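Open the model in your viewer and keep the selection box handy. The tour goes stop by stop.

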Amino acid sequence: MAIVGSGPSGAYCAQVLAEHEGLDVDVHVIERLPVPYGLVRYGVAPDHQRIKSIVASFQEIFEHPRVRFFGNVQVDRDVGLEQLLAGYDAVIVASGATVDRRLGVPGEDLRRVYSATHFVSWYSGHPDAADRIFELQGDRALVIGAGNVALDVARMLCRTPDELRRTDVPEHVIEALAASSLREIHVVARRGPAFAKYTNKELMELAHLEGADLVVRPEDLELDELQQEVVTRDPLVGRRMTFLRKAAATEPRGAARSIHLRYHLAPQRILGSDAVESVQFSSAAGEQSIDAGVVFRSVGYLSAPIAGMPFDHVRGTVPHQLGRVVGADGVPVPGLYVAGWLKRGPNGVIGTNRMDAMETVGSLIEDLAARTPDEARERDATAGPVADFSGAIGWEGWQAIDAQEVRDGAAQRRDRVKVHQWERMLEVARDR
Ligand code: NAP
């Protein structure tokens, strides 16, 4: 079996396959980067080490005797989907959602309007973002969107250098964040607080930041009928409102920075001559303009289509039936499966991918079991060779990078510092 992608979804698929009783399989996990773990390594915020500790169980999966890791192999560039389908009995594509959604308003391409996706990649030491520059200028940043990523961005903009040095964030990122002149970070939702997408744990964390006060405006918490209905129906939203009311009644401590949660502000246009100067929003009271030196759009991710794989451009996902990829004719493509964000869109927490993997692998196993002995023999006779991944970085290559990160950390009196450049990653992996 081949699995494309080594993030949470790919890892859980590998686990379910490798541990399935009575199934004698080799699982090859193909990953574009020379390192495993996808969004756990490059999406979960560096100051959320507890969530990141899930890599210990993912490591066990990749070290399972039936599982092999092939890093630095890009589907479409190094191997085609057709070739994978010919060489393997089944292919599960779990390549996630890597493209950021745009706001679609005028002024979005002005200087200092950034994608949260790029910012997250940059502070996470993703090799594709190594050369990005974020000009963190002015007093105020607006983070547009009300999901957990928006909160990650706001929090990271307020972390002190000491706090950041307890993480694996590369030194150039710590220096750039320390030099930021931004003092007010506004997280701007287009709807009311009852409809925000962020989760309570992540929201409540904002009340305990060393470097920032949390500011909530009481008038934003007056609920219309629609929001009231949500609060009545969903106790989690009720708890959120209780927290927000308490935050609104709390005096700021006078921290160096502040995070402001704003609501009912729908972005209309971004204004400025060269760089962003302000953003115009529509609100219940009419148009409202807020000055800003920097804007981050944080309105969700999209998946990128893969050559030869059906793709629903409206939903930004691959059409499927219980994980079986279906073509335009509505018929499943033999041997091709999908899992994770590419299958269901960019939502849920890491654990959501476990149930999702069980569904996809369940379909795969059902299809294998349904093959007659003749069909299985014919498949074996016509199968192409497994692709030659000669340029791949194997598990030992990743282990060399892992060890280098710990050594780099020790040199800076830190636990670990990410190796964040492509060339260096490949060099370390190959020189092991
Ligand atoms: P998200 O949760 O889908 O939030 C996207 C936000 O963007 C929503 O508030 C949405 O508002 C807003 N939005 C969309 N289009 C907009 C527009 N044109 N103008 C203004 N606002 C707009 O996405 P995300 O924050 O990227 O997170 C992705 C997934 O990763 C989520 O499942 C999230 O929970 C997860 N994640 C989890 C953690 C964690 O557990 N710590 C951390 C990071 C990410 P509407 O609701 O009004 O559309």
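Helices here are DSSP runs of H or I with at least four residues, strands are runs of E with at least two, and both are numbered from the N terminus. With that numbering, select His-264: this residue is in the loop between strand 10 (257–262) and strand 11 (266–271). One caution before going further: this is a predicted model.

**Stop 1: His-264 and Gln-227**

Check the backbone of His-264. Its phi is positive, about 60 degrees, although the residue is not a glycine. Most residues other than glycine have a negative phi. Is His-264 buried, exposed or partly exposed? His-264 counts as partly exposed, because its relative accessibility is 28% and that class runs between 20% and 50%.

Now add Gln-227, which sits in helix 11 (residues 225–233). Gln-227 has 1% relative accessibility, so it counts as buried. Show its contacts, leaving aside neighbours within four places in sequence. You should find Gly-192, Pro-193, Ala-194, Phe-195, Glu-222 and His-264.

**Stop 2: Arg-112**

Go to the loop between strand 5 (99–100) and strand 6 (113–115), and pick Arg-112. Arg-112 is not a glycine, yet it has a positive phi, about 65 degrees. At 13% relative accessibility, Arg-112 counts as buried.

**Stop 3: the nonpolar cores**

Select Phe-119, Leu-157, Ile-259, Leu-261 and Phe-296. These have the most contacts inside the largest nonpolar core, which has 52 residues. Which helix gives the largest share of this core? Colour helix 7 (residues 148–158): seven of the core residues come from there.

Apart from this core lies another, of 44 residues. Val-67, Ala-339, Ile-401 and Leu-426 are among its members.

Return to Leu-261 and display what it touches beyond four places in sequence. The list is Leu-151, Val-187, Tyr-198, Leu-203, Leu-206, Leu-214, Val-215, Val-216, Asp-220 and Leu-244.

**Stop 4: helix 16 against helix 17**

Two packed helices are described by the angle between their axes and the distance between the axes. Select helix 16 (residues 395–411) and helix 17 (residues 422–430). Their axes come within 8 Å and cross at roughly 110 degrees. That makes helix 16 roughly perpendicular to helix 17. The crossing of these two helices is right-handed.

Show the side chains where they meet. Helix 16 brings Gly-397, Ala-400, Ile-401, Gln-404 and Asp-408. Helix 17 brings Arg-424, Met-425, Val-428 and Ala-429. Colour this contact by class: five residues are nonpolar, two polar and two charged.

**Stop 5: helix 1 against helix 4**

Move to helix 1 (residues 8–18) and helix 4. The axes lie 9 Å apart, at an angle of about 50 degrees. The two helices are therefore oblique to each other. Helix 1 passes helix 4 in a left-handed crossing.

From helix 1, display Pro-8, Ala-11, Tyr-12, Ala-14 and Gln-15. They meet Phe-58, Ile-61 and Phe-62 of helix 4. What is the class make-up of this contact? Seven residues are nonpolar, one is polar and none is charged.

**Stop 6: Pro-65**

Finish in the loop between helix 4 (55–62) and strand 3 (67–70), at Pro-65. Pro-65 is exposed, with a relative accessible area of 80%. Draw a distance from its C-alpha to that of Leu-84. The separation is 21 Å, for two residues 19 apart along the chain.

How values were computed: Residues numbered from 1 in each chain as written. Predicted model: local features only at pLDDT ≥ 70, side-chain atom pairs only at ≥ 80, totals over all residues. Heavy atoms only, no water. Core = buried A, V, L, I, M, F, W, Y, C linked by side-chain atoms within 4.5 Å. Buried < 20%, exposed > 50% of the residue type's maximum accessible area, 1.4 Å probe, protein only. Contact = heavy atoms within 4.5 Å. Axes fitted to C-alpha atoms, helices over the stretch in contact; angles between N-to-C directions. Parallel < 35°, antiparallel > 145°, perpendicular 65-115°, else oblique. Left-handed = near helix turned anticlockwise from the far one by under 90°. Nonpolar A, V, L, I, M, F, W, Y, C, P; charged D, E, K, R; others polar.
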